[in-house]
Amino acid sequence: MAIIDTDDNERKKGSAEFLVLAQLEGRPRHGYEIGVEIERRSEGAVSFQTASLYPVLYRLERKGLIAGQWVEASGQRRRRYYKLTPAGRKMLSEQRRSWGAFLTALQRATGPEHA
């Protein structure tokens, strides 16, 4: 079973940036909310610990794909909200095409043969 866990971790690592960008498409979100949305949209199949998302967020911000802004709301602690930049929207679109082509190829390569 450890092999499956390792495989899942590697898949998650390779798709983390794509998953984060997709959660920011509709509106700005903070790190915890991004993790919750990934888990909700994947119906629990994909989940990240909040702490493991922050290196991804920092990396995307350094690349100029997202922009973060601190927001303080009355009675709540300060949170950093992230939004897509134009470069991030372009990257999200490119990754959707690339992942779509990759998944289609996997289905063809691993699907049952048609006689």
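Is Glu-43 buried or exposed? Glu-43 is exposed, with a relative accessible area of 76%. The legends below describe this and other sites in a predicted model.

**View 1. Overall fold of the protein chain.** The secondary structure of this predicted model consists of four helices and three strands. Read from the N terminus, the elements follow the order α-β-α-α-β-β-α. The protein chain has 115 residues, of which 27% are buried. Its accessible surface amounts to about 8,200 Å², and carbon and sulfur atoms account for 53% of that area. When contacts between residues at least 6 apart in sequence are considered, 48% of them join residues at least 24 apart.

**View 2. Glu-43 in the loop between helices H2 and H3.** Glu-43 belongs to the loop that lies between helix H2 (31-41) and helix H3 (50-62). Most residues other than glycine have a negative phi. Glu-43 is not a glycine, yet its phi is positive, at about 55°. The residue is exposed, because its relative accessible area of 76% is over the 50% cut-off.

**View 3. Glu-33 in helix H2 and its contacts.** Glu-33 is located in helix H2. With a relative accessibility of 16%, Glu-33 counts as buried, since the cut-off for that class is under 20%. Neighbours within four places in sequence aside, Glu-33 is in contact with Arg-27, Pro-28 and Tyr-81. Tyr-81 is also part of the uncovered face of strand S3, together with Arg-79 and Lys-83.

**View 4. The three-stranded open sheet.** The strands are arranged in the order S1-S3-S2, and their pairing is antiparallel. Strand S1 (29-30) and strand S2 (66-71) occupy the edges; each has a single partner strand, so one side of each lacks a neighbour in the sheet. Strands of a sheet pair through backbone hydrogen bonds. Between S1 and strand S3 (residues 79-84) there are two bridges, in the antiparallel sense. S2 and S3, which also run antiparallel, are joined by six bridges.

**View 5. Residues facing one another across the strands, and the two faces of S3.** On strand S1, Arg-29 stands opposite Tyr-82 in S3, and His-30 stands opposite Tyr-81 in S3. In the pairing of S2 with S3, Ala-67 stands opposite Lys-83 in S3. In a regular strand the side chains alternate between the two faces of the sheet. In S3, the covered face carries Arg-80, Tyr-82 and Leu-84, whereas the uncovered face carries Arg-79, Tyr-81 and Lys-83.

**View 6. Aromatic cluster between helices H1 and H4.** The count of aromatic pairs comes to three. In one of these, the ring centres of Phe-18 and Trp-99 lie 6.0 Å apart with the planes at 10°, so the pair is stacked. Phe-18 belongs to helix H1 (residues 2-23) and Trp-99 to helix H4, so this pair ties together parts that are 81 residues apart in sequence. The rings of Trp-99 and Phe-102 have centres 5.9 Å apart and planes at 90°, so this pair is edge-to-face. Trp-99 and Phe-102 are three residues apart in helix H4 and are therefore separated by about one helical turn. These ring pairs link Phe-18, Trp-99 and Phe-102 into a cluster. As to accessibility, Phe-18 is buried, with a relative accessible area of 17%. Trp-99 is partly exposed at 26%, and Phe-102 is partly exposed at 46%.

**View 7. Nonpolar surface patch formed by Phe-102, Leu-103 and Leu-106.** These three residues make a nonpolar surface patch of about 270 Å². Leu-106 lies in helix H4 (residues 86-110). With a relative accessible area of 36%, Leu-106 is partly exposed. Phe-102, another member of the patch, is partly exposed as well, with a relative accessibility of 46%. Phe-102 also belongs to the aromatic cluster with Phe-18 and Trp-99.

How values were computed
Residues numbered from 1 in each chain as written. Predicted model: local features only at pLDDT ≥ 70, side-chain atom pairs only at ≥ 80, totals over all residues. Heavy atoms only, no water. Patch = residues over 30% accessible without salt bridge, like charges linked within 9 Å, V, L, I, M, F, W, Y side chains within 5 Å. Areas by Shrake-Rupley, 256 points an atom, 1.4 Å probe, with all protein chains shown as cover. Salt bridge = Lys/Arg side-chain N within 4 Å of Asp/Glu carboxyl O. Buried < 20%, exposed > 50% of the residue type's maximum accessible area, 1.4 Å probe, protein only. Pairing = 2+ DSSP bridges. Contact = heavy atoms within 4.5 Å. Phe/Tyr/Trp six-rings, centres within 6.5 Å; stacked < 30°, edge-to-face > 60°.
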